[in-house]
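Hello,

Please find the structure below, with the sequence. My notes on what was found in it follow.

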There are 4 protein chains.
Amino acid sequence: MEKIRLGMIGGGPGAFIGDAHRRAARICNDYELAGGAFSTEIEKSRELAEKEGIDMARCYKNTDALIESEKKLPPGRRMQAVSVVTPNALHFTQARALLEAGFHVVCEKPMTMTVGEAVELAKLVAATNLTFALAHTYTGYPMVRQMRSIIAGGALGTIQRIDAQYYQGWINSVINGSDSRIAGVWRLNPAHAGASCCMADIGVHAFNLIEYATGLEVSEALADLSPVKDGISLDLDGTVLLRFAGNLKGVIRASQVCGGEENNLSIAVYGSKASLKWSQENPNLLHMPSDTGPATVYRPAHSYNSQLAEQSHTMPCGHPEGIYEALANIYKGAAKSIRGEEYIRGEFPTVLDGVRGMKFIHAAVASNKAGNIWVKV
Amino acid sequence: MEKIRLGMIGGGPGAFIGDAHRRAARICNDYELAGGAFSTEIEKSRELAEKEGIDMARCYKNTDALIESEKKLPPGRRMQAVSVVTPNALHFTQARALLEAGFHVVCEKPMTMTVGEAVELAKLVAATNLTFALAHTYTGYPMVRQMRSIIAGGALGTIQRIDAQYYQGWINSVINGSDSRIAGVWRLNPAHAGASCCMADIGVHAFNLIEYATGLEVSEALADLSPVKDGISLDLDGTVLLRFAGNLKGVIRASQVCGGEENNLSIAVYGSKASLKWSQENPNLLHMPSDTGPATVYRPAHSYNSQLAEQSHTMPCGHPEGIYEALANIYKGAAKSIRGEEYIRGEFPTVLDGVRGMKFIHAAVASNKAGNIWVKV
Amino acid sequence: MEKIRLGMIGGGPGAFIGDAHRRAARICNDYELAGGAFSTEIEKSRELAEKEGIDMARCYKNTDALIESEKKLPPGRRMQAVSVVTPNALHFTQARALLEAGFHVVCEKPMTMTVGEAVELAKLVAATNLTFALAHTYTGYPMVRQMRSIIAGGALGTIQRIDAQYYQGWINSVINGSDSRIAGVWRLNPAHAGASCCMADIGVHAFNLIEYATGLEVSEALADLSPVKDGISLDLDGTVLLRFAGNLKGVIRASQVCGGEENNLSIAVYGSKASLKWSQENPNLLHMPSDTGPATVYRPAHSYNSQLAEQSHTMPCGHPEGIYEALANIYKGAAKSIRGEEYIRGEFPTVLDGVRGMKFIHAAVASNKAGNIWVKV
Amino acid sequence: MEKIRLGMIGGGPGAFIGDAHRRAARICNDYELAGGAFSTEIEKSRELAEKEGIDMARCYKNTDALIESEKKLPPGRRMQAVSVVTPNALHFTQARALLEAGFHVVCEKPMTMTVGEAVELAKLVAATNLTFALAHTYTGYPMVRQMRSIIAGGALGTIQRIDAQYYQGWINSVINGSDSRIAGVWRLNPAHAGASCCMADIGVHAFNLIEYATGLEVSEALADLSPVKDGISLDLDGTVLLRFAGNLKGVIRASQVCGGEENNLSIAVYGSKASLKWSQENPNLLHMPSDTGPATVYRPAHSYNSQLAEQSHTMPCGHPEGIYEALANIYKGAAKSIRGEEYIRGEFPTVLDGVRGMKFIHAAVASNKAGNIWVKV
């Protein structure tokens, strides 16, 4: 089958997230990397292009140049989709330009800087009927997908509590380091990161995971955010109380100052009959404690899983797949959409998930600024 | 060594907590059960006394009768300490009467119904110089004690976040059962349980664990509590945001409606250099993830532990001790105090811990009632 | 209910196993410690008696003195059962004397030094109709009992492989220490320990656990044992291949030189339909992986467990009980037998389990001596 | 950088191991798939070639055709390396032909059917100076590599026991199914699988892992193998006692009939000072229990790991990589060797590891056939 010709904005030498996207695209095997504007410095961009074996004529100096040149190529050679893996502040204008020029887009999160931008992108996607996939990578794990399927099937009874956590500790060495060290981290700079560091970077993953796994929407949030250290202007830590329709409540806890934590994203959805618990650092287990019998533990590559979960794992059981494969599953879902094939809702996050994420981030920031009051999401 | 003569109020046939206290007292081997008022029904009280092999003359109809009769006995026969293991609403008057009559007291938690009562008890304990031990059983685990010792030693650096959880699911079958089932549970009745169900029953354990392990005091709380189901008048679920001195924030999550959870009390204390994580359902492990090296895992019965931790485990390493032994450790600490022996602060929770607990419960309830605002603890 | 009057041979000051037996007896609450010969040095024996609050007249200088004096007491005062917690070499003569004098016996393992002695004890128990309980403590854990119940119920299908392990590391510091350190450890001295160190001390627990959990008998063994270090005369490490009736095979691995292991006794029984896995260091979980669905995890204090398992756990679910409670369950079972009450086979290990254990130890030693050949068990 | 042109023998549509090799090659990004003989049926081979986007002229009917045609291509177009992912019986002749024709080889395990063939291949590799990488995938995991580095550094003290396990249950449904089901599994047919099923398929992985992690050689083996069911002619289960130089002993346990086990490969190496334990189903943890302090737990992506381990993980810490990435690490190591770059011994298994593996398999079979006696490896 012919590969989808993929371009990339960002992801130059040393940028781990761009490398992750390229690996994921290669794993799923539906794409070939056709070109890109990998860096604001053209030499670095070319260094990457050479390493990847890309035609140097398709190594562009920026997004505009990429669009202009690619549009001149015949349809059978032209890029079909472009991955946007630049810092937060650039996502919106780049994604908008690409969509307007007719390219499908895979975009890193958070999708934009403001809710308004997010809504504008969503309208554009609706108008153009292009595929827009947002890299909420964790929704690509088979057991997260199984969680979604089980909950959709009603096995938990009434959902009575939702609790999600995303704890890291990596920023400790930054904030306890020198001032120049702090100045060198773009996530700590509102101009590049937007209104939030912790919530925009990782809290939004916990939020997305809740809405993905349960199919429910958070209606209101009350946030208590903290810069942790004097002199830091964005949140590095926070707790967000959640309300859903009915009596349901929940909580998101996110922090980048939890010394020794690596990438501890976890979710628990508690029901009247049973519950589901999943943790990203051991992603191939899905725990289902129950009120009425022994706990059960789901694992990938078994016929007892849903189709959505099973098609997301390719090795036989007991052979652990990891985060690259999770992202590859999202690329796989996007490829189906790009090709006009049928796919299951949940195979990749869309622009609407991006809108929800921006609403969450801004509700959290607004709630905190107003003195920890309830704000609509 | 002569045993301490112990009485008991409550703990009749079928009451699991009274049985737990008797077992704990036997395990630590510093007490003999001399008598008690085990039930409001004297026949049941006698049934228990007979099973325990207690002199029927010391099986009393109530607290007053116990006090009156025991005070007439010669000092060498008279009870020295009394365990109060009745429902919440009775703790205060019984404990006060016992203290006023000169008995040392071991009391179940929550210590009282109001902060005022708690403060009154604290004054009484100070005035009488008697021993008052509160059954915050989880502080009896060796690895909780090791946690306290490590934090006191400063190994975590600056504490940057505190997160404690107490999740259970047992009340699901009650609230999703019949009305008469609900009516039969005293914890759901404000007259017997006080202002709170979930926070008073289990949230307070998480609170106590935080203050015990870190040596810090919670300064303010913002609570979002939920009765979960229409028709329930007390909280069965809640999240409480916490503030401490300085920039430090934290969170307590507690719920009795987490389907399939058993007794999932966990605490994580995150520092700038390293962190500590402990979970009650696997109590003999203490995890210490670190920013600067591999994680370490502490276990009991090793010379690398503190004296406070080591004297709290009697078997050789690898032989798991459990919750009865944790409670026995508290009885052991109280026995040292009763006998006037030296002990380490932290060997048993005192009346002051009880005051703190009542302040927490009432701050949480007040915050929730006022629309989720910050309240001093 | 009147307590069973219990005596004890061995278990003087500082002996941890005697202390464990006394705690277990107190936890189960069916016994009172009436006296004993706690040490070969009468001063030490008296020190223990005083600490335990025992009538000094019943603190005896040795087993013979105990028997002689106790037999003179009226039946209503006389000891009914005696715990033998001395070094291996003494079990046989002490237990025999006690049985011949009409006392019920609780005995530490290994039961005797030779198979002949074990068989003689078994005959004596049969002839006297007295209760003889062997302290295979691990069979007192609720989840081991649940394992036995599940296997007896046939849920595993055909058993196809059995694997048990008992790894410790405590002897490392001894054998890598000074010669005098080695000389001071009686387990390394054939005169006191018998034909084996590792297999007699811990291998036999793994063996007993296999026969207890599965209800099957090992028919043959091929052992490869190792003293690990030059100058040591007994095995500190070994692997024993097992054969059962039919095509079934298995293996026992035991070692005391596994640096950093604590008390890692584990068993896995693999069936054609499902399997069961249990580990002593996390005793309240029983894992049941399955060929036909998600794994299940059993825990104590649930109505889905068998009666044998459920009566072996007294706290509500999620409150971990440990090794003292396991031993208390064995004392509880023995108490039922002593009192002539009904009990379930499996509530305590009997003299026949002791005979099996001795056969295993001697088969392993004989196989190893003969150059690793198959020997009947 | 120019990609290495890779061919493949085997790995047609539906063959999971061929797909795994292709993914691994894509992940490591040093190869491009240039052609192959993917199936004995040319239509299937073409189906695969089309799916992969391969020039149909380089889709060959068999190994000979591939060699003949590729050798005619100019050096700059010709395949440089070929992956052999066919059933066991074909590895030897295919690998030999490829080496003789000057191609580097990546080969699935077991490398050959006999020790003689293995030795012949080793001589050929030595004579040609070509790269030969054997797919002992598990040695590609970062934490296995860290284990090797730690042991090489001497941190364990004297190694005193080695224990490796590989348990699966997948063959249960085959052997408990119909005769035709059994006939359809080539691993059960000696003509295709060789002298062994279980030991050749998975036992050899455990063996390789031991020699890889410790740097020690197994000197002798005593095996007890079992076909488990009447009518099966090869081993599906077995235990192999191991001897090393000095007093060191160990054991390998392998089985394909452990109901509910998935791919449970584990290794423990016990030393006089500390030990290391790793398990394939949770591959990003390396446990190091110790005699002298708390246990430590290593994880990937930390500067405390060795270079060999660190270069084998590309994501930041806490982002789990899995088995595809492990195989990719082996392809990466082979690529370095093919390109003449420097690499660390241990980056990929060589033909000598294949010789060792064949010696182990045949020693195990010979020992079992001779009645469980010691055989040199």
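**How chains C and D are related**

A turn of 180° and a shift of 0.0 Å along the axis lay chain D on chain C with an RMSD of 0.0 Å. The two copies are therefore related as by a two-fold rotation axis. Both copies use the same surface: 100% of the contact residues of chain D recur in chain C. Please keep in mind that this is a predicted model.

**Where chain C meets chain B**

Between these two chains, 28 residues of chain C are in contact with 28 residues of chain B. On the side of chain C that touches chain B, α1 (16-28) and α12 (323-338) of chain C each supply at least two residues. Which element gives the most to that side? It is α1(C), with five residues. By residue class, the side of chain C that touches chain B divides into eleven nonpolar, ten charged and seven polar residues.

**Chain A as a whole**

Chain A contains 13 helices and 14 strands. Its C-alpha atoms fill a box of roughly 60 × 55 × 40 Å, taken along the principal axes. For 377 residues, a compact globule would have a radius of gyration near 21 Å, and chain A agrees with this because its own value is 21 Å. Of the 377 residues in chain A, 63% are buried. Among the contacts in chain A with a separation of 6 or more, 69% are between residues 24 or more positions apart.

**Helix α10 of chain A**

One helix of chain A was looked at in more detail. Helix α10 (residues 198-214) of chain A has 17 residues, which at 1.5 Å a residue should span 24 Å. The end C-alpha atoms of this helix are 23 Å apart, so the span agrees with the expected one. Where does α10(A) bend? The bend is at A:Val204 and amounts to about 35°.

Is α10(A) mostly covered or mostly open? Mostly covered: 17 of its 17 residues are buried. Just after α10(A) comes A:Gly215, which takes a positive phi of about 75°.

**In short**

Chains C and D are related as by a two-fold rotation axis. On the side of chain C that touches chain B, α1(C) gives the most residues. In chain A, buried residues make up 63% of the chain, and α10(A) bends at A:Val204 with 17 of its 17 residues buried.

Regards

Conventions:
Residues numbered from 1 in each chain as written. Chains lettered and ligands numbered in written order. Predicted model: local features only at pLDDT ≥ 70, side-chain atom pairs only at ≥ 80, totals over all residues. Least-squares fit on C-alpha atoms with pLDDT ≥ 70 in both. Contact = placed C-beta atoms within 7 Å. Helix = DSSP H or I, 4+ residues; strand = E, 2+ residues; numbered from the N terminus. Rg over C-alpha atoms; globule rule 2.2 N^0.38 Å. Buried ≥ 20, exposed ≤ 12 C-beta atoms within 10 Å, placed from the backbone. Expected span 1.5 Å × (residues − 1). Bend = angle between axes of the 7 residues up to and from the residue. Nonpolar A, V, L, I, M, F, W, Y, C, P; charged D, E, K, R; others polar.
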